[in-house]
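Visitor: I would like to learn how to read aromatic rings and buried residues in a model. Could you walk me through some cases?

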Amino acid sequence: MPSVLAPLAEASRKWLTEAMLPLWSTAGFDERTDQFVEALTPAGEPVVEPRRTLVQGRQMFVVCAGGRLGWTGPWRERASAVGEALLARGRSKAGDWIYSFDARGAPADTRSDLYTQAFVIFGLAEAGRALQRSDFTAAASATSERLETQWADPAGGFFEGDFAPHPGRQNPHMHLLEAFLALHAATGDPADLARAERVADLFMTRLLAASGHIPEEFDVDWEPIAAGGLAPGHQFEWAWLLDRLHRAGGRDRSEAVKGLVAFGERYGVDSAGFALDEIWPDGSVKSAEARLWPQTERLKAALMRFDDEAAAQAAGALNAYLDVPVPGTWRDARLAGGGWRSGPAPASSAYHIISALQTLIETADARV
């Protein structure tokens with residue numbers, strides 16, 4: 001194993017199992033409601049605010065991933081409790097997953113959106129597989145089927161739901177691809193792989209621009225809205241997911257994967273090695289700030305390509321966000337030119353972090 005990755009993987013496993021997972025399964029978990037909190041303060045205290053349903057799905061994945069990495073904490077108990085709470089009070093009257101809960105665990109915003117549906121499928125599928133909970137997997141499958149019968153857009157893909165900020169976005173569809181892959185891993189059902197393939201086909205035919213970039217926003221006919229710019233992190237994230245789809249038995253889209261990563265690396269990484277928040281289609285910078293999550297997606301894409309130099313740089317950038325007084329929390333955003341935006345550590349970032357570090361650890365282990 002190359003020495004550049006060995007110490008990074010060892011440090012990542014230690015941080016996950018000794019800092020992040022213990023903190024977020026205790027201070028980050030509300031035993032009164034069987035829900036994960038939305039954020040932790042820099043001091044590691046829970047923030048009292050509404051809890052998005054998508055965060056519950058993401059955190060179910062986080063603790064189950066911890067279990068796969070050998071963490072001996074209460075990952076089974078936390079994933080089971082959250083899944084059961086979702087099944088008990090997480091659906092609208094129409095049968096879709098609601099947007100959020102209040103701090104007492106009661107439904108707050110009962111509207112439904114595509115992004116939330118994707119992460120509930122993802123979380124229930126991951127927990128269903130890890131815990132051998134057929135009720136979780138069945139609920140994820142039922143949601144997938146409901147999307148196809150009630151949410152399908154004749155122009156391609158799916159409608160965004162009750163409160164979409166734009167006519168169409170690539171991001172919820174990207175996470176549906178991820179969710180269908182997780183469900184296929186749990187069920188082995190070819191229908192779930194076929195669902196993932198249909199999302200990938202939408203990507204290739206309607207979302208991916210000829211120059212190799214992905215617009216963020218689209219009109220009702222799936223024509224890109226240029227004013228929306230694009231996120232380098234999504235270049236890397238789509239590439240990683242398309243590669244995973246191929247490994248799961250889907251079609252080979254390696255040329256598109258290469259183009260996505262090349263565009264992201266060329267235009268979306270600053271001179272200090274941080275993946276930026278937003279760029280324009282011509283590659284010029286729209287926002288020179290850098291949130292935490294694009295660093296994780298760049299790391300996964302670099303590991304996928306066996307690009308140890310880019311992986312080491314991305315891991316170094318990510319570690320800058322994790323270098324905080326209370327281990328297990330993180331900074332969320334780096335300012336243009338350096339410095340950090342103050343604020344709590346959002347729980348939603350844990351899913352990005354553990355996915356990247358799990359990939360780093362598994363890649364390093366495979367090279368031993």
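Guide: Gladly! Bear in mind that this is a predicted model. Let us start with Phe 119, which counts as buried because its relative accessibility is 0%, under the 20% cut-off.

Visitor: Is Tyr 351 buried or exposed?

Guide: Tyr 351 is buried, at 1% relative accessibility.

Visitor: How many aromatic pairs does the structure hold?

Guide: There are 14 aromatic pairs. To read one, look at the ring centres and the angle between the planes. For Phe 119 and Tyr 351 the centres are 5.3 Å apart and the planes stand at 85°, so this pair is edge-to-face. Phe 119 belongs to helix H4 (residues 114–131) and Tyr 351 to helix H12 (residues 348–366), so their pairing ties together parts 232 residues apart in sequence.

Visitor: Which pair is stacked?

Guide: One stacked pair is Phe 203 with Trp 238, at 4.2 Å centre to centre and 25° between the planes. Since Phe 203 is in helix H7 (residues 190–207) and Trp 238 in helix H8 (residues 232–247), the pair ties together parts 35 residues apart in sequence. Phe 203 is buried, with a relative accessible area of 0%, and Trp 238 is buried at 0% relative accessibility.

Visitor: Which residues do ring pairs link into a cluster?

Guide: Phe 61, Tyr 115, Phe 119, Phe 122 and Tyr 351 form a cluster linked by ring pairs.

Visitor: Where does the charged end of Arg 334 sit?

Guide: It sits over the ring of Phe 274, 4.0 Å from the ring's centre. Likewise, Arg 133 has its charged end over the ring of Phe 136, 4.2 Å from the centre.

Definitions and conventions:
Residues numbered from 1 in each chain as written. Predicted model: local features only at pLDDT ≥ 70, side-chain atom pairs only at ≥ 80, totals over all residues. Heavy atoms only, no water. Phe/Tyr/Trp six-rings, centres within 6.5 Å; stacked < 30°, edge-to-face > 60°. Helix = DSSP H or I, 4+ residues; strand = E, 2+ residues; numbered from the N terminus. Buried < 20%, exposed > 50% of the residue type's maximum accessible area, 1.4 Å probe, protein only. Lys NZ or Arg CZ within 6 Å of the ring centre and 35° of its normal.
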